[in-house]
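Colleague: Before I rely on any labels for this model, I would like to go through the reasoning behind a few of them with you.

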Amino acid sequence: MLENGFVMVAIILIINIVYVSFFTIRMILTLKGQRYLAAFLSTIEVVIYVVGLGLVLDNLNQIQNLIAYAVGYGIGVVVGMKIEEKLALGYITVNVITAEYDRDLPKVLREEGYGVTTWAANGREGDRMALQILTPRKFELKLYKTIQEQDPKAFIIAYEPKTIHGGFWVKNVRKGNLFS
């Protein structure tokens, strides 16, 4: 079966897509502190890597195998990122500056289960309200949509917090009481 050049190229391509997808997910898990899951994934990853690289090295005289390996690597990066996007691991903090101060936005967001802290702010064009919202990443797009519906002119900036400690919201998330 491996004698057929097309089959060999397809196998190498698929192996490298799977390998690099695992690699990407493992790196993200490592960065998010999921060390045991990352270690388990890496054992599978290295087996896939050795098999794929072995096929290429055993057939270095056929350039299509090397090309399949390289293309599979590139596709694997994209596939790994798409998988991580779907998993949406971790949390994001979203800072919002509203166009006006007296908005119902904090109330609406709290009713939807988001942790919201607000304070008065002053911008170039007058009084504003600043909000800081913490949410699991899987609810990120829903949060943006809700903000845009309430205040289409809101300034939004988001980032991933490295450490989260304290507060009622974190306790509820850990107990599984939020966003069920």
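Colleague: In which helix is the place of Glu45?

Modeller: This is a predicted model, and in it Glu45 has its place in helix α2.

Colleague: Why does Glu45 count as buried?

Modeller: Its relative accessibility is 6%, and buried means under 20% relative accessible area, so Glu45 counts as buried. Not counting residues up to four places away in sequence, Glu45 touches Tyr19, Phe22, Phe23 and Arg26.

Colleague: What makes the pairing of the side chains of Glu45 and Arg26 a polar contact?

Modeller: The two side chains come to 2.5 Å, and a polar contact asks for N or O atoms within 3.5 Å, one able to donate a hydrogen and the other to accept it.

Colleague: Why is Tyr49 called partly exposed rather than buried or exposed?

Modeller: Tyr49, which is found in helix α2 (residues 35–58), has a relative accessible area of 30%; because partly exposed lies between the buried limit of 20% and the exposed limit of 50%, that label applies to Tyr49. Tyr49 also helps to make a nonpolar surface patch of about 410 Å², together with Val46, Val47, Val50 and Val51.

Colleague: How do you know whether Thr98 is buried or exposed?

Modeller: Thr98, found in the loop between β1 (91–97) and α4 (105–111), has a relative accessible area of 1%, and buried means under 20%, so Thr98 is buried. The side chain of Thr98 reaches the backbone oxygen of Glu100 at 2.5 Å, and among the residues that Thr98 touches are Arg103, Arg128 and Asp151.

Technical notes: Residues are numbered from 1 along each chain as its sequence is written. This is a predicted model: local features need pLDDT of at least 70, side-chain atom pairs count only at pLDDT 80 or more; totals for chains, interfaces and linings use all residues. Side-chain values use heavy atoms; hydrogens and water are left out. Patches are made of residues with over 30% relative accessible area and no salt bridge: like charges are joined within 9 Å, nonpolar side chains (Val, Leu, Ile, Met, Phe, Trp, Tyr) within 5 Å. Accessible areas come from the Shrake-Rupley method with a 1.4 Å probe; for residues, only the protein chains shown count as cover. A salt bridge is a side-chain nitrogen of Lys or Arg within 4 Å of a carboxyl oxygen of Asp or Glu. Helices (H or I, at least four residues) and strands (E, at least two) are DSSP runs, numbered from the N terminus. Buried means under 20% relative accessible area, exposed over 50%, partly exposed in between (1.4 Å probe, protein chains only). Contact means heavy atoms within 4.5 Å.
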